[in-house]
Amino acid sequence: HENTGLQSQPPLEEQNYGATAARVRQGPSVSVPRNSPAKRDYLVAAVLCYANLINFMDWFIVPGILLDIQKYFELSDGDTGLLQTVFILCYMLAAPIFGYLGDRYNRKIILGAGIFFWSGVTLGSSFMNELYYWIFFLSRGLVGIGTASFSTIAPTIIADLFEEGKRTTMLSIFYIFIPVGSGLGYVLAAGMAEATGDWHWAFRVTPCMGGLALVLLILLVPDRTQRRTAAHRALSISGTIREAAEKPGLHRTAKTTWCQDVISLAKNWSFVWSSLGLTAMAFVTGALGMWVPLFLYRAQVVQGIVSPCLQESCNSSNSLIFGGITIGTGILGVIAGAEAARRLRKLNNKADPLICAASMFVSALCLYIALMAAQTNILSTFIFIAFGELFLSVNWAVVTDILLYVVTPRRQSTAIALQILVSHLLGDAGSPYLIGIISNAIQARNAHSFRWSFWSMQYSFILCAFIGVFGGGFFLLTSFYIEEDRKEAEK
């Protein structure tokens with residue numbers, strides 16, 4: 001049963017920014033010249049990319065100054081890992097709600113409210129002292145809720161603005177800002193902590209950037225957009241969808257309930273297996289993003305390269321270097337993945353999942369070598385971590401593109417929300433905490449020393465390499481179903 005408030009909306013779904021897309025049955029052909037994307041479309045995409053940059057900078061401010069925060073609040077490895085777990089748990093639980101709203105209501109309002117909320121909470125968290133560490137944990141959870149509104153809805157707006165060829169390119173650009181934002185989060189956090197001598201200042205920059213994003217969103221993003229389906233692509237972007245819908249033989253199908261959407265997606269094996277592959281990616285990236293700078297610091301202490309940090313403001317060079325690696329490998333990886341997919345699709349219809357599978361296997365091997373080299377050679381560790389991140393980044397845009405062509409447009413926000421829920425629930429929601437708990441358990445069984453502090457983290461991290469192999473297997477399974485599911489979505 002539809003909400004009565006929705007029934008008062010204009011009858012054609014495309015009139016509502018974010019309403020369920022109309023499905024169009026076969027009818028009289030409509031011959032209308034196809035216009036290229038307007039400049040405004042590119043401006044909208046640019047605003048969304050900028051907001052995505054801030055989104056992921058907020059994600060990785062905490063890992064960038066993790067050693068300072070751990071010392072300030074006197075947290076164990078397990079409690080420290082819980083910081084990111086609280087953030088991801090709230091993020092993933094909020095995602096299905098925003099997916100439901102994004103498929104039915106005004107997406108611009110939802111995005112604006114989300115940006116305002118997470119920027120405000122981030123700014124507020126910069127004033128916490130050591131007596132109120134639980135409020136700091138809570139603030140990270142609230143930031144996760146705010147960012148869920150953006151991550152769930154923004155890709156579907158880009159998908160609506162561009163046709164398939166340009167859509168892949170624009171999504172690639174959008175997803176480049178995941179590693180770029182993540183890396184800048186490390187750089188911003190470490191740089192501000194070092195410049196001011198107080199890690200709290202790291203949380204006072206992105207709220208200002210968020211305010212600018214909100215203004216740009218209000219000024220440049222339209223209140224209305226069109227959901228693109230195969231039939232829509234035969235029409236002009238300049239308003240002929242309304243005219244065509246009024247012609248005999250072109251009718252809308254009824255909206256489906258959220259439960260019907262979920263059941264349909266559960267039967268879509270390409271969506272299921274690719275989501276599990278993304279879950280493995282999330283597990284690995286979540287653990288690496290949280291713990292690598294601290295792991296490298298402990299390795300350097302064991303090798304005698306640096307002395308143990310006893311003062312409140314610790315050396316943050318590892319965060320700066322790891323942030324730079326994340327930015328560089330992220331840009332190269334996303335571009336390489338998109339280009340490889342574009343070229344190989346012409347040769348093999350299963351190219352996308354096969355690319356994802358191969359990159360996961362190679363990434364797992366590189367990360368394992370990096371972990372083994374950390375005790376004797378920091379340079380080799382940095383190099384293999386860089387290669388591991390590079391091959392992980394190959395998959396970001398490709399996985400989303402898989403979802404967008406195996407899921408019918410009217411279910412895409414719900415599909416992205418469910419994928420976020422599953423990948424974070426089983427992936428990076430638990431991996432930082434799990435690595436910390438395993439590290440605590442190993443340290444508890446052995447004498448307290450800097451060497452065992454390093455070994456405990458090293459042994460914990462090996463789990464990530466095995467999870468990466470499982471991820472590659474899930475993408476291989478995706479390749480068995482992708483052709484059939486794509487044809488079904490195009491009907």
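At 73% relative accessibility, Glu 74 counts as exposed (over 50% relative accessible area, against under 20% for buried and partly exposed in between; 1.4 Å probe, protein chains only). The model is predicted, so local features need pLDDT of at least 70 and side-chain atom pairs count only at pLDDT 80 or more, while totals for chains, interfaces and linings use all residues. Residues are numbered from 1 along each chain as its sequence is written, and side-chain values use heavy atoms, with hydrogens and water left out.

Glu 74 sits in the loop between helix 4 and helix 5 (77-102). Helices are DSSP runs of H or I with at least four residues, numbered from the N terminus. Glu 74 is not a glycine, yet its phi is positive, at about 55 degrees. A second glutamate, Glu 490, belongs to helix 20 (residues 482-490). Glu 490 counts as partly exposed because its relative accessibility is 47%. Its C-alpha lies 7.8 Å from that of Tyr 405, although 85 residues separate the two in sequence.

The interior was examined next. The largest nonpolar core contains 130 residues. Such a core is a set of buried Ala, Val, Leu, Ile, Met, Phe, Trp, Tyr and Cys residues joined through side-chain atoms within 4.5 Å. Leu 48, Ile 65, Phe 136, Trp 199 and Phe 461 have the most contacts inside this core. Helix 12 provides its largest share, 18 residues. Domain 1 (36-235) and domain 2 (268-490) each contribute at least three residues to this core. The domain bounds come from an automatic or database domain assignment. Phe 136 touches Val 62, Ile 69, Phe 73, Leu 83, Ser 125, Met 128, Trp 199 and Phe 203 (contact: heavy atoms within 4.5 Å). That list leaves out residues up to four places away in sequence.

Empty space was then mapped. The search used a 1 Å grid over the protein atoms alone. A cavity is a set of points where a 1.4 Å probe fits but cannot get out. A pocket is an open set with protein on both sides within 12 Å along at least five of seven lines. Lining residues have an atom within 4 Å of a point. Grid points are joined across faces, edges and corners, and a volume is the space filled by probe spheres set on the points.

The whole structure holds three cavities of 30 Å³ or more. The largest cavity encloses about 630 Å³. It is lined by 36 residues, with Phe 56, Trp 59, Ile 178, Thr 285 and Trp 396 closest to its centre. This lining comprises 20 nonpolar, 14 polar and two charged residues. Here Ala, Val, Leu, Ile, Met, Phe, Trp, Tyr, Cys and Pro count as nonpolar, Asp, Glu, Lys and Arg as charged, and the others, Gly among them, as polar. Domain 1 and domain 2 each give at least three residues to the lining of the largest cavity.

The second largest cavity holds about 60 Å³. Its lining has 10 nonpolar residues and no polar or charged ones. Helix 12, helix 14 (351-373) and helix 19 each supply two or more residues to the lining of the second largest cavity.

The second largest pocket has a volume of about 430 Å³. It lies between domain 1 and domain 2, because both give residues to its lining. Of its 20 lining residues, Gln 70, Arg 298, His 448, Phe 450 and Ser 453 lie nearest the centre. Helix 12 gives the most to this lining, with four residues.
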